Amino acid sequence: MGNNGSRVTAQDKAILDMKIQRDKLHQYQRRITVLTNRETEIAREMLNKGDKKRALLALRRKKYQESLLTKTDQQLEQLEKLTANVEFALIQKDVVFGLQQGTKVLQEIHREMGGIAHVEKLMGETADAIAYQEEVSEMLGGRMSNADEDEVEDELAALEAEMAPRQPAGRISLPSAPDTQPLSRPADAEPDTAQEEPQAERRQMVAA
């Protein structure tokens with residue numbers, strides 16, 4: 001006869017599934033960090049070239065990937081708390097549904113990673129790269145929230161400010177001195193006697 005005490009329950013299976021999802025999520029987090037770091041570098045490179053459109057696209061893709069990871073992590077944390085604190089029979093359907101959604105998001109994250117080659121396409125100028133950029137932009141337009149888009153705009157503005165040339169602190173720009181020297185009368189210059197003699201004669205006539 002089998003030992004009923006060792007039977008795997010639905011709750012045990014759900015807890016195991018959550019652990020598997022969390023382990024997979026952590027793997028994706030490490031791999032995506034490499035990609036998102038490169039996307040930030042691409043945004044800087046594009047700004048240096050004056051290509052704000054491609055810089056924005058790189059930051060939008062980075063934000064979308066990060067938001068997928070964050071949402072999945074938060075969902076798993078919530079499911080783990082529910083499973084630990086509430087009678088499982090009451091929440092079994094919610095947990096199963098949550099795990100199904102988590103699996104779908106993890107699959108989407110896996111597709112989104114695509115490797116560093118896809119990231120490099122964000123700055124490419126070939127027909128294939130441009131088609132890929134348009135595809136990514138269209139996809140992000142339907143999946144990113146307005147709040148996410150605003151945060152991306154803020155990040156782009158912060159990058160622009162960071163890369164703008166700065167004047168050293170404490171140094172004040174003063175207007176340059178004129179090149180021409182003011183005209184001055186030499187100290188040893190002889191007086192103009194031609195003007196002084198008539199003045200002296202007039203003074204003598206008045207005195208007489």
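This passage walks through the nonpolar core, the salt bridges and one pocket of the structure. The model is a predicted one, and residue numbers run from 1 along the chain.

Start with the inside. The largest nonpolar core holds 35 residues, and I109 and L140 are the members that touch the most others. Several helices chip in: α1 (10–48), α2, α3 (88–113), α5 and α6 each supply at least two residues of this core. Helix α1 makes the largest contribution, with ten residues. The core also spans the domain assignment, drawing at least three residues from domain 1 (10–93) and at least three from domain 2 (116–162).

L47 gives another look at how stretches far apart in sequence come together. This leucine sits in helix α1. Its relative accessibility is 16%, so L47 counts as buried, the cut-off being under 20%. L47 and L159 are separated by 112 residues in sequence, yet their C-alpha atoms are 8.5 Å apart in space.

Now for the charged side chains. Side chains of opposite charge can pair when their charged atoms come close. In this model, the count comes to 14 salt bridges. One of them is between E160 and K52, with an N to O distance of 3.7 Å. That pair ties together distant parts of the chain, since E160 belongs to helix α6 (residues 146–163) and K52 to helix α2, with their positions 108 residues apart. Both ends of the bridge have some access to the surface: E160 is partly exposed at a relative accessible area of 32%, and K52 is partly exposed as well, at 44%.

A second bridge runs between the same two helices, α2 and α6. Here the side chains of K62 and E155 meet at 2.9 Å, N to O. K62 is in helix α2 and E155 is in helix α6, and the two lie 93 residues apart along the chain. How do the two partners compare in burial, buried or partly exposed? K62 has a relative accessibility of 10%, which is under the 20% cut-off, so this lysine counts as buried. E155 comes out at 24% and therefore counts as partly exposed.

K121 and D128 form a further salt bridge, their closest N and O atoms being 3.2 Å apart. Neither partner is buried: K121 is partly exposed, with a relative accessible area of 25%, and D128 is partly exposed too, at 48%. Elsewhere, R38, E41, E45 and E120 are joined into one network by salt bridges that share partners.

That leaves the second largest pocket, which contains about 160 Å³ of space. Which residues line the second largest pocket? The lining is made up of K53, R54, L57, I130, Q133, E134 and S137. Two elements, α2 (52–85) and α5 (127–143), give two or more residues each to this lining. Of the contributing elements, α5 gives the most, with four residues. Sorted by class, the lining has three charged residues alongside two polar and two nonpolar ones. Like the core, the pocket takes from both domains: its lining draws at least three residues from each of domain 1 (10–93) and domain 2 (116–162).

Key
Predicted model: local features only at pLDDT ≥ 70, side-chain atom pairs only at ≥ 80, totals over all residues. Heavy atoms only, no water. 1 Å grid on protein atoms, 1.4 Å probe; cavity = no way out; pocket = protein on both sides within 12 Å on 5 of 7 lines; lining within 4 Å. Points joined across faces, edges and corners; volume = space filled by probe spheres on them. Nonpolar A, V, L, I, M, F, W, Y, C, P; charged D, E, K, R; others polar. Domains from an automatic or database assignment. Salt bridge = Lys/Arg side-chain N within 4 Å of Asp/Glu carboxyl O. Buried < 20%, exposed > 50% of the residue type's maximum accessible area, 1.4 Å probe, protein only. Core = buried A, V, L, I, M, F, W, Y, C linked by side-chain atoms within 4.5 Å.
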